[in-house]
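Here is a set of exercises to work through with the model open beside you. Try each task on the structure before you read its solution.

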Amino acid sequence: MGIELKEITQKYGDLIAVNNANLFIEDGEMIALLGPSGCGKTTLLKTIAGLLPLHQGSILSNEKDISKLPPQARNAAMVFQNYALFPHMTVAENVAYGLKINKCEPSLIKKKVEEILDKVELPGLNQRKISELSGGQQQRVALARALVIEPAMLLFDEPLSNLDQNLRVSMRRMIRKIQQEYRITSIYVTHDQEEAMSISDRIVVMKDGVIQQIGLPGEVYLKPRNRFVAEFMGTANLLELNEHDRIIQLLECGKWASSRDNCPVGASNNRQKRCLLFRPEDVEVGAEGRFEGTVIWHETIGSVTRVTIDFAGNEIIAEIRNYYKSGINCTTGEKIRFNIDLAGDSHIVPN
Amino acid sequence: MQSRPSFIFKLFYILISLTIIYFVLLPIVSVFVYGLLSGSSADLSNQILPQVWKYMKNSLQVALFVTIVSTSFGLLASITLWRVKFWGRKLMRVLVLMPLISPPFVGTVAFIMLFGKRGLITHSLLGLEISPYGFHGIVTMQSIGLATLAYLLISSAIRKTDVSLEEAARNLGASEKKVFLTITLPLMIPEITVAAMLVFLTSMADFATPIIIGGAYQTLASDLYIQITGLYNVQMASITGIFLFIPCFAAFFIQRYYSGKNLVYSQYVTPEMIEYRQVKPIIKFMLIGLSSLFVIFVVFQYAFIVIGAFTEHWGYNYAFTLRHLENILNKNLASFVNSVKLAVTVGFISSLLGVLLAYIIKTKDYPLTRQLDLVVTLPAATPGILLGIGYLVTFRYPLLGIGKYVLTGFEPVILLGTGIIIYLICIYRYIYIGMKAGYALMEHVNPNLELAAINLGASERRVFFDIMFPLLKPAFNAAFLKNFTSTMTTLGAIVFLLLPKNKVAVQQIFQIMTSSEIGAAAMMALLLSLLSLVFLAAFQLLLNYEEIFKRLREARQWVSSLRK
């Protein structure tokens, strides 16, 4: 089921939580709403679910306006951040709740509940109380409860934020697998860039109630529309561009020259301040590098080592693979040489 | 270094345990011993039991009826005042709490003024000669008074309901009615059963209302009062007391056992205000209508108390007068002073002991804490008047009571007939309030705080005074305010133990009521309510002075920033 949001504005009193949001979600697509807390992503989600009254705009589902429908009639199952499992019911009763409400037959309910609990890898826990479950198990019950009613769309409100890192990774794989298997149109709210990239077909980045960019995960990462998106999507090295800046001159005699199309000098005719973006993996540390900087800090996180380099008063973060075998010396205070690989796509973003 | 403070806590624990056994358990046991052992069993089965059984039936009838009505009203008002949006809601939330600070028979005074033999409505307006006395009168008065209690507890439940649970149910397709019946209501069951239990206990223990407006219809509690004051038949009173104790005790512990087993709690509390958006207008209208009616009843009580307090002779002469006020200021001022003295002392000592006990039970690994907790909580299940009888039969013997069982050559110390006994009974009766407040607070105190302080080298005593004491202060404050108001309006526990020299205001009102001096009773009730209010406000200021100073400082900064 395709969903279209048209010019949606939501307010809490005078505070604008969502400002003129437009979005089309394809049938069977998984969209991630990504942004820092308070950016309006949960408000938007709850508006789609009908749990918040719509202030302005309209929501279309298969070209039918559902803005006026009560939450009960939207068939949009939600997985809540705190799971919102009913503490006075067992696991099976929680999962069966939506079916019972919709007057499903008891024998069918039993069958469906067992099937779905198998699906989320929770067999045999039917009679457990909610308080006896771990966080990960509670999360799976919440997922099962939403899936079992065969909803037209699934809405996830930061479902994994209360779990530890390892559990998060396995849970998001399960959610993605099930979502693809059932081909349910889904919206996934998160503040975790990694989670958004790994789980969704497309990402919607939000800030202060305004949609900043909509795109494929790779697009949003490689071609951020502005500085905010660039910094929110992973680690970004951003150098402010200025005609008279020494950095540009430095860059111009480096590899920069090889990709003339992106020449910052030409682009800077525009009055707006701009930044040059490159990711840590674009920085190649090595003795033959064209630029020289001073190591401020370094930390090894398993496979990669992150080095913070002072480069003409700017901090640049570089990634070194296989640091222990590379023979590179990253001791704080040492000089280090590096290249910046800008051969790729557009690297200039508005400030 | 560590052992000395530890010893102090241990000593305190032993002392408080012994005195609690002495002043709580012993009197209750004494009632049983006295009632069952000091008469012939033939009397018991032939004469006493049929009579007690009659009162038992009356008591249960009244209590069950009142429990159902009050709890329903409490639930209804909670839903209306916290979930339905309408004009005047906030004012109603305040008004509905008014009965909490007033002596228990304010409603009864107003009731007689309106519906009594010379009542404004029944006699003057309708010209009727009907009598409001009996079952209906008792049930009406108790229901209105206790609905406030039920409201207080149930509204706290509805306010802390996890909204996302309701959203989840809605999201899964449940209608508003279904959401309420399958989610909201089941989640409030613990508070609803507590409210019902407390209403039941209070109704069972209430002897004043039946005495004043019961007429021929008396209950166990009121019969017990008559046995002592009218007939001075202590054995009969003790047996009545046993019969009063059994259903109260059962109700208390069944509720406790049940809710302990089925305790469900929401992990996440959403403080945000929510309203039912899709209530049918007819239901909304009914909810608001019934709640308004309830609030109007409450307000009318006070309105008529005020009017009655300044009326020459209600029912006969409606001229304005200051006579009642002058009378009280001349004659009964001492009883007000005594009330305040008692309430402040009890509030302070009882709350302090309770919170300290909670701290020791929760943090120290001392033996028999569970048993002690049970004994401390016993007064919660015991009608005050029963505990009063217990003190009466126990402490009229020397050596603080156990002299009856021990031969002694010492000079006898008899507590009964001293001024201190009413302080003791109130203090020990209310320790559980401070203890529960302490427990509730300790749940929210990070247990690592203590360990952190010990880890930094603090002694056990320092840990208590530097870390735990400041953290436990809110529990003390809450218990203090609660115990102060309870003691100001208590009567049952102390009515047999008071002396002419330390009479308290509530007892005076009760006596004036029984002799039907409406104007004087109304004036006293009005003054006592005002006094409670003034003191509560003063204590609020005193206990929260830091917060208030902070606010004042902020306000001053704000003003000075405006000038610039």
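A:Lys41 is a good place to begin: with a relative accessible area of 4%, A:Lys41 is buried, where buried means under 20% relative accessible area, exposed over 50% and partly exposed in between (1.4 Å probe, protein chains only). This is a predicted model, in which local features need pLDDT of at least 70 and side-chain atom pairs count only at pLDDT 80 or more, while totals for chains, interfaces and linings use all residues. Residues are numbered from 1 along each chain as its sequence is written, chains are lettered from A and ligands numbered from 1 in the order in which they are written, and side-chain values use heavy atoms, with hydrogens and water left out.

**Exercise 1. Find the salt-bridge partner of A:Lys41 and say which parts of the chain the pair links.**

Step 1. Look for a carboxyl oxygen of Asp or Glu within 4 Å of the side-chain nitrogen of a Lys or Arg, which is the rule for a salt bridge. For A:Lys41 the partner is A:Glu158, at 3.4 Å from N to O.

Step 2. Place both residues. A:Lys41 belongs to helix H1 of chain A and A:Glu158 to the loop between S7 and H5 of chain A, so the pair links distant parts of the chain, 117 residues apart. Helices (H or I, at least four residues) and strands (E, at least two) are DSSP runs, numbered from the N terminus.

Step 3. Check the cover. A:Glu158 counts as buried too, at 9% relative accessibility.

**Exercise 2. Describe the sheet on which helix H1 of chain A packs.**

Step 1. Trace the strand order. The sheet is open and has four strands in the order S2-S1-S4-S5 (chain A), with antiparallel pairing; two strands pair if DSSP finds at least two bridges between them.

Step 2. Find the edges. Strand S2 (15-25) and strand S5 (64-65) of chain A each pair on one side only.

Step 3. Add the helix. H1 (residues 41-49) touches S1, S2 and S4 of chain A, and its direction makes about 115 degrees with that of S1(A). Axes are lines fitted to C-alpha atoms, for helices over the stretch in contact, and angles run from 0 to 180 degrees between N-to-C directions.

Step 4. Inspect one pairing. S1 (residues 3-12) and S4 (residues 56-61) of chain A are joined by five bridges, and A:Ile3 stands opposite A:Ser61.

**Exercise 3. Is helix H4 of chain A mostly covered or uncovered, and what packs against its buried residues?**

Step 1. Take its length. H4 (residues 135-147) has 13 residues and reaches 18 Å from first C-alpha to last, close to the 18 Å expected at 1.5 Å a residue; the expected span is 1.5 Å times one less than the number of residues.

Step 2. Count the cover. Eleven of the 13 residues are buried, which leaves H4(A) mostly covered. Among them are A:Gln138, A:Arg140 and A:Leu143.

Step 3. List the neighbours. The buried residues pack against S6 (76-79), H2 (91-101), H3 (106-119), S7 (153-157) and H5 (165-182) of chain A, together with H7 (163-171) of chain B.

**Exercise 4. How many residues of each chain are in contact, and which salt bridge crosses the interface?**

Step 1. Apply the contact rule, heavy atoms within 4.5 Å. The result is 25 residues of chain B against 29 residues of chain A.

Step 2. Take the area. About 2,200 Å² is buried between the chains, with 58% from carbon and sulfur atoms; buried area is the accessible area (1.4 Å probe) that two parts lose on being put together, summed over both.

Step 3. Search for charges. The rule finds one salt bridge across the interface: A:Lys46 with B:Glu167, their closest N and O atoms 3.1 Å apart.

**Exercise 5. Which residues form one network with B:Glu166 and B:Arg170?**

Step 1. Start with the pair. The closest N and O atoms of B:Glu166 and B:Arg170 are 4.0 Å apart in a salt bridge.

Step 2. Place the pair. Both residues lie in helix H7 of chain B, four residues apart, about one turn of the helix. Both are buried.

Step 3. Extend the search. Salt bridges that share partners join B:Arg83, B:Glu166, B:Arg170 and B:Glu176 into one network.
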